[in-house]
Amino acid sequence: MEPTWISNIKETIKNFKDYIPKGNKLFDGIENMDIDKLLSTLKDVFDQEEKAILAENKNKYTTDTYENNFIFFTRQLIISLISSHNKLKGKDVYNKLIRQRHIAYSFYINLEYNAITSEKGDEILADLPTQKLLYSGLVEFYNKFYGSFSDNQNAIKLLCKFFPINSSLFYDKNDIVNAIYRHITNAGTPSDSGYAFRGIELIRENIGYLSLDVVDLLLKRYQLYNIINQKVYRNQVFTIINNADIATEEEKQKYKFFYLDSLILANSMNYGLYQTYAQHEHLIRNYLHLEENLSVNKIGLIITDQSEDVYAYWTNICSVDRHFIVADEVLINMHLNIAEKQIVISYSNNPNTEISFEYVYEDWMLNHYHSKETEQKMLVFINNSNRNNIEYTYRPLRFSLLYLNRYRGLHEQFVDFDHQFTYDKNNMKLTVSSNSNDIPHFYGEMIHSLSCIVGKNGTGKTSTIDFLRGTFFQLIYLIHEKLITCKNGYVSESDYKAYDIVDNNSEFLVVFHLGDDAYYLTNVNGVTATNAKAFDHNAYTSSHELSKVVYFSNMLGVNQNSLFSIEELILRDEGNRDNDEEEEEKRLKNNLIKTLVGFRQADYSESSSFIEKREALKTIEEMKKNPKPNKKYTTVSKDLCYQLVFLEYISQNKMEELFDFPKDKNLFVRSRLIESAKTVLLGTKLSENLKSLQQFLTIPDAKLEHFSSGQYAKFSFLAKLYWFLEGYQKYSDYLNTFIGNNVFSSDDALQKGETSLLFIDEGELYYHPEWQRNFIKIIIDLIHQTITESESKIQVVITTNSPFIISDILMEDITYLSKENKVFDQTFGQNIHKLLKDNFFMNYTIGEYSRELISKIMNWLCSKEGEVNIGEQLSHYFDQPITSGQYFEKIHSLINKIGEPVYREKLLETLNQTEWIKDNDLDLDLDLLLRQREHLDSKIKKIMWLKESE
């Protein structure tokens, strides 16, 4: 008789073999198999399924459905196999099976989620040879499987938590590091859109299981451009360092200095160093290569163009010192003084010419290192080591003209920002416009231009914005870093195609100013220009010259997919790809674009806020389900912080004026996670509000209440706009004392001397018409009340469907996205009804249902007898049969419902001329005559008043 444990394995296979479509036929006759044959068959099945999975994932677009089904089968199988582990572990085929990557993964995931008891799991992992087989299989699984963000999170947890204590089992740890790095670089927080929202928390909980030599290898895998360009990677690196098994606090300080502070500071110096020490023709810049990570001993800045020998570089050995070496001579030393909490930078041959920076271990965002002040301090140090009174002039970027064709369906669309250039698309000529602004400060001296994009839904308003706030900045970064070629202002589609940032066969031309110099960038070959320079990688010297783009939208997004769980929707193009050179290059380029998604951008849209709050709440709920001792997850209600700061700025009278908010009405702060609510008294100082509301500041859904939906939409928008314009600079440091560092980023706010492109996408949504009428005035006033420096010019771009908005905007500042070649009338100060009819692509200025009824009435009144069945049509409105004798009465009652007096009186007059009036009593006739007399009396009074006025 067959042992029960073998029967159990067979029963599991039979129950779940439908999940392995390629190999399940091999189990025909399973009842007659002995254990050796069964294990051998399982091995053959797994080999077939592995090939099927690899073939499936070679498709251009694929989901993980097929592989997930196979994993489901292995998760059931491993439970029955493991229960008989002691009987099977001596068999060679069994050992090969548990080394198989899906089996190994299924063991650990079942162990983590209690499908295998911890006692049984500990017993198996105590057997070192078995542990090595299983963990090696897990490493192989995650080196090939990418999955969704939840899979990335599981990878971080399992690869760290079950890292073998006896790591000497692994002679080459690079496979382990590769697997961890592949998934840990997706780790983020709820604030990091496009990253696994619990990833940072899982690093914090599990990275300490890794041995320090693996942590060292992991940190060295980070690409330099990731750390320089994106704060989420700096958060990952800091979390690894802060929670790894590093022996002393001094060592942690050293690690953090080496992998974060010193790299950011070096990057701030690199342009000046290159300009100073690459004077010879044979020297070229060599920096931020995609494939270069921190495992190199030299971070090369300048190389010789022929031999590619490194001429000038930063040392890259983990210590409290980083040196800049030129021609084998140490020129500059950057040193961390742990005791003094300072970073000191000095020339080796002249230590007295030093500059220093405050070092804060807990600060991983490193906002102050990215400031213009830091960069200028560095440039003074590099070029004028004995002088500290030099200020470098930045040339701020301002947009002038945009041409798009076949970009997301747009057809030959222009947006003219400042009317300085015109582009002849037929002759491909860019020339100076003859219609330049005759009133340069029409919207005030702090606003360089104010533009409005109007169009029906689906005509490309958002696509235009997305190009300017995303694609353009990604392109100029790639050009600046010589990752794509730009010659004579032209970039070829074949060059940027691999980065997947511009639609195939689309055309674009962007004209913009850097200071007083005009530049153009295009993918249209053959464009000529006489008054604009061709953009190239040397056009700008610092990212501080680039406009900071800020995006506001009250909409929750046209593409609602972004509002749902990423895990439920994401399709990964990477999947189980073979790690060949072509795929690795593609992965690096995709990673770079992911890094640059937020380059020079601040997203204050409601969609972004919603996603951040949702992910934070999900994390809190998960932490409640699986509480851990001494582990408390905290987040911050950024929106509440913005709103409390705005209340500090705005007066009580302004609250009443802007929001129709009664003086005797209170605001409350409420969260569904806290039972009680707190009253917020208007006119209360920010310091008092923060103290009384401190418990709400770290709750993601905390918000001000007792607003209507329209009031809240308007208040939330203005609070975010104020934070961007002035609030961050005035209040962020103070807020940090209540909520901690690394919450608010200078990347998300306007800094001193910066220019900004301010996008407001249908910002009037939810507003009453009177609020829409005041919308432009409120924005203009807020900009001028908060910005006082003349160099901080703002460009405002608004998309709208509201005539109340464009009545405050000059005709030449409005772009109409329409297929109609229509010449539109003046808009500024124009009558709203005329704007509706002429400028908003409307056929009529009344509702379609009312227009249709008026047309029917006209048809009834003007038709010949028998042409129209009037009685039948009238009966639909009165729910009863209508005879011809009732026509006058019923049509009369319908006409009286029409609000527009011209339509109403004309129809009544026409009705009175029909023969139906004979069938009605004198009262109706009298009613009509009285209306006519009232109308005539009104006309007589108006004429008499005009004559008296003369």
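**Aromatic rings in a predicted model**

The protein chain of this predicted model exposes about 44,000 Å², of which carbon and sulfur atoms supply 47%. Of its 950 residues, 53% count as buried.

Q: What makes Tyr519 and Phe535 an aromatic pair that is edge-to-face?
A: The ring centres of Tyr519 and Phe535 are 6.4 Å apart, with 80 degrees between the planes. Rings pair if their centres lie within 6.5 Å, and planes over 60 degrees apart count as edge-to-face, so both conditions are met. A search of the whole structure finds 53 aromatic pairs.

Q: Which parts does the pair of Tyr519 and Phe535 tie together?
A: Tyr519 lies in strand β14, whereas Phe535 lies in the loop between β16 and β17, so the pair ties together parts that are 16 residues apart in sequence.

Q: Why is Tyr519 called buried?
A: Tyr519 has 7% relative accessibility. Buried means under 20%, and therefore Tyr519 counts as buried. Phe535, with a relative accessible area of 1%, is buried by this cut-off too.

Q: Why is the aromatic pair of Phe552 and Phe717 called edge-to-face?
A: The planes of Phe552 and Phe717 stand at 90 degrees, and the distance is 5.4 Å centre to centre. Because edge-to-face requires over 60 degrees and pairing requires centres within 6.5 Å, the name applies. Phe552 lies in strand β17 and Phe717 in helix α26, so this pair ties together parts that are 165 residues apart in sequence.

Q: How do you know that the charged end of Lys298 sits over the ring of Tyr313?
A: The charged end of Lys298 is 4.8 Å from the ring centre of Tyr313. The distance cut-off is 6 Å, so 4.8 Å satisfies it. A direction within 35 degrees of the ring normal is also required, and the charged end is indeed found to sit over the ring.

Definitions and conventions. Residues are numbered from 1 along each chain as its sequence is written. This is a predicted model: local features need pLDDT of at least 70, side-chain atom pairs count only at pLDDT 80 or more; totals for chains, interfaces and linings use all residues. Side-chain values use heavy atoms; hydrogens and water are left out. Buried means under 20% relative accessible area, exposed over 50%, partly exposed in between (1.4 Å probe, protein chains only). Accessible areas come from the Shrake-Rupley method with a 1.4 Å probe; for residues, only the protein chains shown count as cover. Rings of Phe, Tyr and Trp (its six-membered ring) pair if their centres lie within 6.5 Å; planes under 30 degrees apart count as stacked, over 60 as edge-to-face and the rest as tilted. Helices (H or I, at least four residues) and strands (E, at least two) are DSSP runs, numbered from the N terminus.
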